[in-house]
Each structure stands twice: as C-alpha cells, then as structure tokens.
Amino acid sequence: MTKKKKITIAVVYNHAGDDIYEKIRDVDPDTLDFEPEYNIKVATVTEEYEAIADALRGQGYNVNILNINEDIQVLVDLLRKKPPDVVFNLIEFYRDDPALEHLVAGLFALYGVRFTGSRPFTLALCQRKGMTKQLLLANNVPTPRYKLLTEPRLPGRHGLRYPLIVKPSREDASSGVEKGSVVYNFEQLNERVKRTFEEYKSPILVEEFIEGRELHVSVLGNDPPEVLPIIEFDFSELPSDHPNIISYDAKWNPLEESFHRVHSICPAKLSRRVEKKVKAAVIDAYKITGCTDYARLDLRLRKDNKVFVLEVNPNPDLTEGVSFMESAEQIGFGFGETLGKIVEFALSRSAPSIPILQKGKDTTKSQKKIK
Ligand SMILES: Nc1ncnc2c1ncn2[C@@H]1O[C@H](COP(=O)(O)OP(=O)(O)OP(=O)(O)O)[C@@H](O)[C@H]1O
Ligand SMILES: [Mg+2]
C-alpha cells in the first residue's frame, strides 16, 4: 500500500511597493480628530497572506507562500519547475490592473495545476459590473437600474430616478466609491461623471441608489453551494455628510472616521420570508455567473423589502474574522477549517486535462513531471 503523501499548496498573491498599513502603525491614535472605535493598527497585506498560509499549515497541508511581486516569471517558474498539488489563488490584479486578474488564473489552467476559487471566465465577467448586471437581469435576478457610460455625457432625460450612484465599472475593493459618489440632481451627476472619467477607465456605471439595508452574503461550495450567515451593515453612526454606503475609506482607511462608524452585524435580523428571498437571489447570481468554491455577494434591501444584487465578488477578502470569514465563523467554521474546505473543493476537481505548457519543449533541467 502506498503511503499517503502530504498535499502541497502554493498560496500565491501579488503585492509590490509600500504597505500603507505598515506606515499607519506609526500614527498615534490620539492625534486623530475623532474617537477611533477599532484598532488602527490593522494587519499588513503580507501578514494577512501569511496568516492564511499558517492556518492551512495548521490543517496539515504542506504550504509554500509566494508573492509574485508583479513579475509573472516567478509564477511561471513555480508552475514549470515545482508545480504544487493546488494553488490557493489570492491574486487580485496584475501590473496594478484588476482587469488582468483572470489572466493569471488562466496560467494555472494552462499549466494543468488545480487552483482554488472561480475560473478565469467568471473572474473576468465579475470585473465587468455592467456585463454582470445585464446577465443577472436577463435571468430575472434584480439589480439596480443603470446606464453604462462610454463618454462623460448623458442627457437630462436619462430615465433613472435620483438619488444615483456613480462608480467605476471595472474596479473592485470599493475604488472610486466615495462620499461624493451619491448624487441628488443633474448638476451633481454631471460633475461626478466627469470626475470619474478623469480618474477611471471607461465605461462608468450610473446606478439608481437603493436606500435601505446593506447585506453581504457569502457562499461556500459547489454541489450544492451553501449560503453562510448573512452580514448586515449598521450605518447609523456615520457622520451626517457621509451617505449610507461602504465607501473606500469606510472599508479600508483606519485614519478616516467613516472606517470606525460602520459596523457589521452577523447574522442579520431578517424575517424568514426575506431571508429566503435574499438566499434565492444569491444562489441564482452565484450559479449564473459561474462562481466556484466561494464568493461574496453584496446586496441592498429596499424599504419595501425588494432585494437588489449590487455585485458578485468571486475573489473576496479572506482575512480572518472579517467579511467572508465572519460569516463562516458564525456558523462554526473556523478560519483554517474554512480555508481547508476551499482547498478540498479545488482538489475534488479533475486537474485541467491538457497541461500544454508543460508538455512543450523545455530546457529547464530541474523540471518535474506533473503528478
Ligand atoms: N446602487 C447602489 N445602491 C446603494 N448603495 C450602493 C449602490 N452601489 C454601490 N453602493 C454602495 O457602495 C459600496 C461599494 O459598491 P460596490 O460593491 O458596487 O463596489 P466595489 O468597489 O466592487 O466594492 P467591493 O469593495 O465590495 O469589491 C457598496 O457596498 C454600497 O455600500
Ligand atoms: Mg462591493
């Protein structure tokens, strides 16, 4: 009988340059002009990825961690010379561009290496918010009414009802979502659209702003996908000049007051009927966009309890205790345990069958045969 070999995992991420969270460590909280609710010394990007690698080691896997540091060759070397059993894919952009995220995942497929999370097509689709919304609407999954602008102009009779929110359509991690993104009249709309075009790639999304509750819903697995306990955000403490949204600052910037004034509640208090409706929309959207293994969907619940899917995140933040992992913990799945489940989903898929790049001519001496 052959001895069972330890599964090897490469935790792969991309981070280059300074880490702002390292700099924030030098800030004295007493110098802030508001009372911080949360610790401003949050983990650095590298520490967060190290924590994921450590938690996987705790599950008994043999784990290496690799920062490709904006150099795809580093990844090519790994895949050619020492392919792991599975890549834990934490790449969110390449060359600073989120639109290239899916191409990196494409390399894993071309090299015949299993990888966690969604397939390249889904990663690419969900980066294009307009296209995703179109697909959702075509399948009766409600999403706010919108216009996709390819130039910084729209007629006064645009047919959308104020308030509106203006946001980049090909960014994520709340880039370009700010206090001023919510507009209440045509003048503000034009001003905001112009500014967004100056800073972000076309097209730009103008969407009806859904006043009401915000829900983040995480999904785990494939056959069938499981909806984890729902998170609601409490906006009641936000300063009066900040609309009820999770702006970039509210999400990521501990030096801004809004970061300390939005609070998560898990599980969200919803009636059975509403919860059922939310879950149905979430599962539909997860399946329609082709998500695999895990994802987080952001939704709004209007005052009349109509559900709207804002976006599908097939590669959500996996930091311990927040967002996706907050929901997992609520149902009793530990951090390492949840990461382990994601690895097992990837392992249960058959490896991409044509590892074409490995079969070609290769002058590298130390190349290993694929297992
Ligand atoms: N149509 C809308 N109605 C109400 N709020 C909205 C709408 N669109 C966006 N928001 C607010 O802006 C936030 C960020 O928007 P969205 O989730 O679309 O952007 P993102 O950059 O992809 O965010 P993430 O950080 O989740 O990847 C939402 O969490 C929500 O608070
Ligand atoms: Mg979002």
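Reader: Let's start with a loop. Where does Pro 267 have its place?

Author: In this predicted model, Pro 267 is in the loop between strand S12 (263-265) and helix H9 (272-288).

Reader: What value of omega goes with the cis peptide bond from Cys 266 to Pro 267?

Author: Omega is near 0° there. A cis peptide bond also joins Tyr 162 and Pro 163, with omega at about -5°. Pro 163 belongs to the loop between strand S5 (146-149) and S6.

Reader: Staying with backbone angles, what is notable about phi of Asn 140?

Author: Phi is near 60°, which is a positive value in a residue other than glycine. You'll find Asn 140 in the loop between helix H6 (129-138) and S5.

Reader: On to packing. Why is H2 called roughly perpendicular to H11?

Author: The axes of helix H2 (residues 45-58) and helix H11 (residues 335-348) cross at roughly 80° and come within 8 Å. Angles of 65 to 115 degrees count as roughly perpendicular, so H2 gets that label relative to H11.

Reader: Which residues of H2 and H11 meet?

Author: From H2 you have Ala 51, Ile 52, Ala 55 and Leu 56, and they meet Phe 335, Gly 336, Leu 339, Gly 340 and Val 343 in H11. The contact divides into seven nonpolar residues, two polar and no charged. Gly counts as polar, and Gly 336 and Gly 340 are among the H11 residues here.

Reader: Now the ligand. What makes the approach of Glu 311 to ligand 1 a polar contact?

Author: An N or O atom in the Glu 311 side chain is 2.8 Å from an oxygen atom of ligand 1. The cut-off for a pair of N or O atoms is 3.5 Å, so the Glu 311 pair qualifies. Apply that test to Arg 296, where a polar side-chain atom lies 2.9 Å from a ligand oxygen, and to Ile 246, where a polar backbone atom is 2.9 Å from one.

Reader: How much of ligand 1 does the protein bury?

Author: The protein buries 98% of the 610 Å² that ligand 1 exposes when taken alone. Strands S6 (164-168), S8 (204-208), S13 (294-302) and S14 (307-313) are the elements giving two or more residues to the shell.

Reader: How do the residues of that shell divide by type?

Author: Nine are nonpolar, three polar and 11 charged. Of the 23 residues around ligand 1, those that come nearest are Lys 167, Ser 174, Glu 207, Glu 214 and Glu 311. Glu and Lys count as charged, while Ser falls among the polar ones.

Note on methods. Residues are numbered from 1 along each chain as its sequence is written. Chains are lettered from A and ligands numbered from 1 in the order in which they are written. This is a predicted model: local features need pLDDT of at least 70, side-chain atom pairs count only at pLDDT 80 or more; totals for chains, interfaces and linings use all residues. Side-chain values use heavy atoms; hydrogens and water are left out. A residue is near a molecule or strand if one of its heavy atoms lies within 4 Å of it. A polar contact is a pair of N or O atoms within 3.5 Å; within protein, one must be able to donate a hydrogen and the other to accept it, and residues adjacent in sequence count only if both atoms are side-chain atoms. Accessible areas come from the Shrake-Rupley method with a 1.4 Å probe; for residues, only the protein chains shown count as cover. Helices (H or I, at least four residues) and strands (E, at least two) are DSSP runs, numbered from the N terminus. Axes are lines fitted to C-alpha atoms, for helices over the stretch in contact, and angles run from 0 to 180 degrees between N-to-C directions. Angles under 35 degrees count as roughly parallel, over 145 as roughly antiparallel, 65 to 115 as roughly perpendicular and the rest as oblique. Contact means heavy atoms within 4.5 Å.
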